[in-house]
Amino acid sequence: MRAIGYTQPGPPDVLQDITLPDPVAAGRDLLVEVKAISINPVDMKVRQNAGPVDGQPYRVLGYDAAGVVKAVGPEVKGFRPGDEVFYSGTLLRQGTNAQLHLVDERIAAGKPNSLDFAHAAALPLTAITAWELLFDRLGVIPGRKDDTRSLLIVGAAGGVGSILVQLARQLTGLHIIGTASRPETKAWVEQLGAHQVIDHSQPLSPQLNGRQPDLIASLTNTQDHFPQLAEVLAPQGHLGLIDDPASIDVKLLKRKAASLHWEYMFARSMFQTADIEQQGELLKQVATMVDSGAIRTTAGDHLGIINSANLRSAHERIATGKVRGKLVLSGWE
């Protein structure tokens, strides 16, 4: 099969077109013929820092995918060849930047019928992250429209923010405050359902006009924003983050008896947690919401077919930190 991989970590130009043996499904594996992928900041971070694993000559990146099940392992219960699926994989296996990919059926779901493969591939990793952050980490109860607390989303125009705004608007009664710093990203966040949009490049407190968010989802540059977030967070509030700050002073939360939560969507697959199947289940709910029109895909720019040149371009775009929604690639030459 064709794939894009690298032999040593480094800049985007380490990515190259390669040929690898076709993988074989075992256990609860689905062997998926990959039709489309999307690119996430984690792709860039792994490419910069981690080489091949388990003695393999190449490392293949990629976590988001949409495609067609080609074969199933002997223990698979919920899928069969020909099913269209979407999912985000695991850090422990080769990635989705390949024509064929193995994924545990418990973290996959049927693709939304209303979306093509490219638009479906934009959703899994960010939808899982947003769902787990909002409902599993921050403790919001889905469907509780009488929950009228306020939620501040820092970096609301990015991949995770774009789906988090929609989930919060559709499944909760929260007052949603998104942050964005450019006219086009502010408009995007408003379209997705935020009640208010403020500029994270400016001091936050004056823009909040005295409101103290009960919940904060910090999706980017947490290290830079943390003192301000601790200042504006309501007493006994909850602050969740997903990025990798080098250092934050958690003592700033003590006087407010506030809680800090870290979301990492790979934890369930990495540690094979007892509730690993919840990722597949929540993707089913996301697919249903997409097909009903309740939420929309967060696909941004389509960068062409799946090859090393286009993938390198996507990694370079991700590094700018100015991507709206998700970057997607689809099809093979």
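Helices, taken here as DSSP runs of H or I with at least four residues, are numbered from the N terminus. On that numbering, α1 gives the most to the lining of the largest pocket, with 5 residues. The model described here is predicted.

The largest pocket holds about 1300 Å³ of space. Its lining comprises 45 residues. Pro41, Leu219, Thr220, Ile242 and Asp243 lie nearest the centre of this pocket. Several elements each supply at least two residues of the lining: α1, α3 (124-137), α4 (159-171), α7 (222-232), α10 and β16 (326-330). By class, the lining of the largest pocket divides into 22 nonpolar, 16 polar and 7 charged residues.

Helix α1 also packs against another contributor to this lining, α10. The axes of α1 (residues 41-49) and α10 (residues 308-320) come within 9 Å and cross at roughly 105°. An angle of 65 to 115 degrees counts as roughly perpendicular, so α1 is roughly perpendicular to α10. On the α1 side, the contact is made by Pro41, Asp43, Met44 and Arg47. On the α10 side, His315, Ile318 and Ala319 take part. The contact of α1 with α10 has 4 nonpolar, 1 polar and 2 charged residues. Pro41 thus appears in two settings: in the contact with α10 and among the residues nearest the centre of the largest pocket.

A second helix pair involves α4, which also supplies at least two residues to the lining of the largest pocket. The axes of α4 and helix α5 (residues 183-192) come within 8 Å. They cross at roughly 30°. Angles under 35 degrees count as roughly parallel, so α4 is roughly parallel to α5. Ser162, Val165 and Gln166 of α4 meet Trp188, Val189 and Leu192 of α5. By class, this contact of α4 with α5 has 4 nonpolar and 2 polar residues, and no charged residues.

The second largest pocket has a volume of about 240 Å³. It is lined by 14 residues. Nearest its centre lie Phe79, Glu105, Ala108, Glu281 and Lys284. Strand β8 (108-110) and helix α9 (278-292) each supply at least two residues of this lining. The lining of the second largest pocket has 8 charged residues, with 3 nonpolar and 3 polar.

Enclosed space was also examined. A search of the whole structure finds 1 cavity of 30 Å³ or more. The volume of the largest cavity is about 50 Å³. Its lining is formed by Val53, Arg59, Val60, Leu61, Tyr63, Leu91, Leu92, Arg93 and Gln94. By class, these comprise 6 nonpolar, 1 polar and 2 charged residues.

Two of the sheets are open. One has 3 strands in the order β2-β1-β4, with antiparallel pairing. Strands β2 (16-19) and β4 (59-60) stand at its edges, each with a single partner strand, so one side of each is left without a neighbour in the sheet. Strand β1 (residues 2-6) is joined to β4 by 2 bridges. Within this pair, Gly5 has Val60 of β4 as its bridge partner. Val60 is also one of the residues that line the largest cavity.

The other open sheet has 6 strands with parallel pairing. Their order is β11-β10-β9-β12-β13-β14. The edges are taken by β11 (196-198) and β14 (259-262), each with a single partner strand, so one side of each is left without a neighbour in the sheet. The twist averages 20° from one strand to the next. Inside the sheet, strand β9 (residues 150-154) runs parallel to strand β10 (residues 175-179), joined by 4 bridges. Ile153 stands opposite Gly178 in β10.

Further antiparallel pairing centres on β5. Strand β3 (residues 29-39) pairs with β5 (residues 64-72) in the antiparallel sense over 8 bridges. Glu33 stands opposite Val68 in β5. Strand β5 is also joined to β6 (residues 84-88) by 5 bridges, and these two run antiparallel. In that pair, Gly67 stands opposite Val85 in β6.

Note on methods:
Residues are numbered from 1 along each chain as its sequence is written. This is a predicted model: local features need pLDDT of at least 70, side-chain atom pairs count only at pLDDT 80 or more; totals for chains, interfaces and linings use all residues. Side-chain values use heavy atoms; hydrogens and water are left out. Two strands pair if DSSP finds at least two bridges between them. On a 1 Å grid over the protein atoms alone, a cavity is a set of points where a 1.4 Å probe fits but cannot get out, and a pocket is an open set with protein on both sides within 12 Å along at least five of seven lines; lining residues have an atom within 4 Å of a point. Grid points are joined across faces, edges and corners, and a volume is the space filled by probe spheres set on the points. Ala, Val, Leu, Ile, Met, Phe, Trp, Tyr, Cys and Pro count as nonpolar, Asp, Glu, Lys and Arg as charged, and the others, Gly among them, as polar. Axes are lines fitted to C-alpha atoms, for helices over the stretch in contact, and angles run from 0 to 180 degrees between N-to-C directions. Angles under 35 degrees count as roughly parallel, over 145 as roughly antiparallel, 65 to 115 as roughly perpendicular and the rest as oblique. Contact means heavy atoms within 4.5 Å.
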